[in-house]
Amino acid sequence: MSKINEARLLLENGNLEKAEAIYRTLIKSGENDIAIYSNLAIICGKTNRNDEKIKLLKYVISKEPNNSILYNNLGNAFAKNKSFKQSIKYFKKAIEINPD
């Protein structure tokens, strides 16, 4: 099993600490799969590190700019920080990409 899949399974089973350690090791080794960064953003959100979640989501969006789910997640992250103007901006972008 690949380390990415191992970390994903740990994340799905709620073992955030071990999943995060694997993701950070993969990043340090030069892996650039956006799933690593996206899943690390999920972990940051679940562990109340919203500013880091925002940075990670912005990075993933720079690599995958037409993914409405990422913009929606970023909008939610800004809303959690009570940055509502930013939140609305990203929600609008999500709707623009996928009106459904």
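This report describes the overall fold of a predicted protein model and then one helix and two loop residues.

The model is predicted, so local features require a pLDDT of at least 70 and side-chain atom pairs count only at pLDDT 80 or more, while totals for chains, interfaces and linings use all residues. Residues are numbered from 1 along each chain as its sequence is written, and side-chain values use heavy atoms, with hydrogens and water left out.

**Overall fold**

The secondary structure comprises six helices and zero strands, where helices (H or I, at least four residues) and strands (E, at least two) are DSSP runs numbered from the N terminus. From that terminus on, the order of elements is α-α-α-α-α-α. The C-alpha trace spans about 40 × 25 × 25 Å along its principal axes. The radius of gyration, taken over C-alpha atoms, is 14 Å, which agrees with the value near 13 Å for a compact globule of 100 residues; the globule rule is 2.2 Å times the number of residues to the power 0.38.

Of the 100 residues, 36% are buried, a term that means under 20% relative accessible area, with exposed meaning over 50% and partly exposed in between (1.4 Å probe, protein chains only). Among contacts (heavy atoms within 4.5 Å) with a separation of 6 or more, 34% join residues 24 or more positions apart.

**Helix α1**

Helix α1 covers residues 3-12, and its buried residues are A7, L10 and L11. These residues lie on the same side of α1 because they cover an arc of only 100 degrees around the axis, the arc being that of the directions from the helix axis to the C-beta atoms. An α-helix has 3.6 residues a turn, so residues three or four places apart point the same way. The buried residues of α1 pack against α2 and α3. Just after α1, G14 adopts a positive phi of about 85 degrees.

**Two loop asparagines**

The table sets out two loop residues.

| Residue | Loop between | Relative accessible area |
|---|---|---|
| N32 | α2 (16-28) and α3 (34-46) | 55%, exposed |
| N67 | α4 (50-63) and α5 (68-80) | 18%, buried |

The side chain of N67 makes a polar contact with the side chain of E64 at 2.6 Å. Such a contact is a pair of N or O atoms within 3.5 Å; within protein, one must be able to donate a hydrogen and the other to accept it, and residues adjacent in sequence count only if both atoms are side-chain atoms. For N32, the C-alpha atom is separated by 9.9 Å from that of V60, which is 28 residues apart from N32 along the chain.
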